[in-house]
Amino acid sequence: MAIHTPVSEVGGRHPGLRNMLTAAMCVALLGCLQAQELRGHVSVVLLGATGDLAKKYLWQGLFQLHLDEAGEGRSVSFHGAALTDPKQGQEVLAKVFESLSCPKDVAPGRCAALKDQFQRLSQYHQLKTVEDYLSLSRDIEALVQHEGLREAGRIFYFSVPPFAYADIARSINSSCRPGPGAWLRVVLEKPFGHDSLSAQQLAAELGSFFQEEEMYRVDHYLGKQAVAQILPFRDQNRKALDGLWNRHHVERVEIVLKETVDAEGRTSFYEKYGVIRDVLQNHLTEILTLVAMELPHVNSSAAVLQRKLQVFQALRGLRRASAVVGQYQAYSAQVRRELHKPDAFRSLTPTFAGILVHVDNLRWEGVPFVLMSGKALDERVGYVRVLFKNRACCAQSEQHWLGEQSRCLPRQVIFHIGHGELGSPALLVSRNLFRPALPSGWQEAEGPPGLRLFGGPLSDYYAYRPVREQDAYSLLVSRIFHGRRDSFITTENLLASWAFWTPLLDSLAHEAPRPYPGGAENGHLLDFEFSGNQLAFSVPQPEQLVPGPASALTPSDFQLLRTKYRDSPLVTAWPEELIEKLASDIEAAAVKAVRHFGRFHLALSGGSSPVALFQELATGHYSFPWAHTHLWLVDERCVPLWDPESNFQGLQTHLLQHVRVPYYNIHPMPVHQHQRLCAEEDRGAQVYAEEISALVTNSSFDLVLLGMGTDGHTASLFPQSPTGLDGKQLVVLTESPARPHHRMSLSLPLINRARKVAVLVMGRMKREITLLVSRVGHEPKKWPISGVLPDSGQLVWYMDYEAFLG
């Protein structure tokens, strides 16, 4: 007689056995549920089935899904849908089905049979009205009932422009949802908005029809085999990478997508989006999150998506100085031709961008992530390169270095996305780093003899490539089918990405990118370098790339122009870039002076124009030698130093309170002595002159920053001033035509002793005086600015476009 012991009784006497039985029951139950899921029928509806994307990639991806799932015994049907009438739509699909290809290991006869089977499982539907969607739903239900199956779910792939999303979503939600117990998945193609606001609006609109878990936003780069390998590679090599994948060992990360083709034929799209919205905000940013994210303890889609969101939350905000942008020279002509623009039209859309990104967390603090993409470049290639620091020094010459032994060779991990000299997806790990676990579905790779990649021969790497190359859409379609949400973009991550990129896009909206000829002729023109939180092109803009006089010259034709003004160097640009250039030049002068003399004496003008400069110096120049810098005032209003109109107060507010300058290196003008303002008997001007003579060698400042008033005054030296324009006085009291009238100022002779004088002129109001001063000679009595000419130093003018060109 069989004796049945209750599980609870067994558990009471043997708790370990109870746990094993419980686990076994759960596994069995899960297996049953999965079996039910797999026996259910899935309908895939491709919206926009006759469009270019569908014809080039999506139908092939659906065919591959059929090959994979039919082999597993799963029931799937395919429905092409579009606005095209049924007869024409069926003709288009027939041609598409003829062009489908099988994997290389499938025999031709077998391939023909599979294509015929796929065609029988596929139907075409014209979808224009709500009734059409109801009809589609009834067709799907009838098919499922006829096959005696249960409906598992429906996939709607939106291969349509974003403006059509809302109407289609409304129709699906009201008329084509599957019944109870079946899931719905809607797949959306980029672009997902144009900036933060439009992305929020689109997300809200879609969110009114679909649940978050029902939406799959496609970034096809997440389906590229090398990109899809980033997380598995990190996971499989945790033991080797745990101590290396951080700020202590990584020198920098490069994420690059270069194209040789230009935007011809696509300028209507490109004019709206440009390279940053088209490539960097989505593809390259998504790749960055895969490299930078913390690996989850549990390998689930939700955990991966949460860790990616944490990366977005740690990104340091982008500034204008975080980017360099360019545009290939033929682009504007292409836009004029394709979009019927007038002859004078010049586009400001960047076709090349390099961006410096920082992730401010404990793992990545201080590590530069460099994102770069562009059209009309010298090669077509995509890769992610993690370059490690190397402190090894080898006594032997390089010819004796061995790839597996020499610690002096570069150490790097490269996810080669495709194309380039290697020509295919690949994973490369320097042999002097570690031997990685062989990725599943990958094999060791060989290249042509003599092939060099990233500074070394292929033999310097452990190199792997996929056993079977698979296109990105095939992989993503499979993951949609299986509900793998970690390969797609959630609403939360999408909005976080746009919040990160939109401020930079806004700052670039009115700036002309650097022109470049395209292809191999680019040379080093687009090379850039970074320092701290700033990027800059490595070589100056060549003169031949500036349009000639017959080109209807406008300010937007230039990014930064160097020429002459009053026989002295002139730098002109848009305001933000001009300020960045001036700040960089001041820092360079400071570093040079400190290196040679141990200190840097800087005299600064007041007023509104230098405020942006002070802010730039305070926030963007962390290597400025403030500890060895003496700060002087060029001029001051005769008001207490705490008065809002005080030049010193402006300097204090916008610069001094943000940087570490020793208090004894700060020299305000003594305009407020003995409770009196600029009283001659208090000898404030003489006191300041004596302080300058005592501390500044030969009373020669390293750099003096001046402005220019609309009447031609500079510092507080005004036309017809009785003092300060000549003579031996170093500091003088003057009278201003505007309140407050009483001023203290450095004299023109003292200013002209400086090693360098920079004159900053900004704003459309300065256009007339700029034009006038360009024509006059040395007439300081009429226009004091005309008297600025350093005795043995250099004078450089910095003007924004509005002051220079009007």
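Here are some exercises with worked solutions that walk through one predicted protein model.

Before starting, note that residues are numbered from 1 along each chain as its sequence is written. In this predicted model local features need pLDDT of at least 70, side-chain atom pairs count only at pLDDT 80 or more, and totals for chains, interfaces and linings use all residues, while side-chain values use heavy atoms and leave out hydrogens and water.

**Exercise 1. Get an overview of the chain.**

Step 1: Start with the secondary structure, where helices (H or I, at least four residues) and strands (E, at least two) are DSSP runs numbered from the N terminus. The chain has 23 helices and 33 strands.

Step 2: Turn to the dimensions. The C-alpha trace spans about 120 × 65 × 60 Å along its principal axes.

Step 3: Ask how much is buried (under 20% relative accessible area, with exposed over 50% and partly exposed in between, using a 1.4 Å probe and protein chains only). Of the 806 residues in the chain, 53% are buried.

Step 4: Look at contacts, meaning heavy atoms within 4.5 Å. Among contacts with a separation of 6 or more, 76% are between residues 24 or more positions apart.

**Exercise 2. Find the nonpolar cores and see what surrounds Phe 158.**

Step 1: Use this meaning of a nonpolar core: a set of buried Ala, Val, Leu, Ile, Met, Phe, Trp, Tyr and Cys residues joined through side-chain atoms within 4.5 Å. The largest one holds 122 residues, and Leu 47, Phe 158, Ile 355 and Phe 369 have the most contacts inside it.

Step 2: See which element gives the most to this core. That is helix H12 (residues 267–292), with eleven residues.

Step 3: Note that there is a second, separate core of 78 residues, which includes Val 661, Leu 706, Leu 725 and Ala 803.

Step 4: Go back to Phe 158. Leaving aside neighbours within four places in sequence, its contacts include Leu 47, Tyr 165, Ile 168, Ala 169 and Ile 172.

**Exercise 3. Work out which residues of helix H7 are buried and what they pack against.**

Step 1: Locate helix H7 at residues 165–175; its buried residues are Tyr 165, Ala 166, Ile 168, Ala 169, Ser 171, Ile 172 and Ser 175.

Step 2: Keep a general point in mind. An α-helix has 3.6 residues a turn, so residues three or four places apart point the same way.

Step 3: List the partners. The buried residues of H7 pack against strands S1 (41–47), S4 (151–158) and S5 (183–189), and against helices H6 (130–146) and H8 (196–207).

**Exercise 4. Describe the setting of Ser 747.**

Step 1: Place Ser 747 in the loop between strand S31 (742–746) and helix H21 (748–751).

Step 2: Decide whether Ser 747 is buried or exposed. Ser 747 counts as buried because its relative accessible area is 0%.

Step 3: Check for a polar contact (a pair of N or O atoms within 3.5 Å; within protein, one must be able to donate a hydrogen and the other to accept it, and residues adjacent in sequence count only if both atoms are side-chain atoms). The Ser 747 side chain reaches the backbone oxygen of Gln 729 at 2.7 Å.

Step 4: Add the other partners. Beyond neighbours within four places in sequence, Ser 747 is in contact with Leu 717, Gly 724, Gln 729, Leu 730 and Val 731.

**Exercise 5. Trace what lies around Arg 452.**

Step 1: Find Arg 452 in strand S15 (residues 452–453).

Step 2: Not counting residues up to four places away in sequence, Arg 452 touches Glu 421 and Pro 457.

Step 3: A polar atom of the Arg 452 side chain lies 3.2 Å from the backbone oxygen of Gly 455.

**Exercise 6. Examine the backbone at Pro 191, Pro 740, Ala 376 and Gln 675.**

Step 1: Begin with the prolines. The peptide bond from Lys 190 to Pro 191 is cis, with omega near 10°, and Pro 191 sits in the loop between S5 and H8. A cis peptide bond also joins Arg 739 and Pro 740, with omega about -15°; Pro 740 lies in the loop between strand S30 (731–735) and S31.

Step 2: Consider Ala 376. Though not a glycine, Ala 376 has a positive phi of about 55°, and its relative accessibility of 9% makes it buried.

Step 3: Finish with Gln 675. This residue, also not a glycine, has a positive phi of about 65°, and Gln 675 is exposed, with a relative accessible area of 73%.
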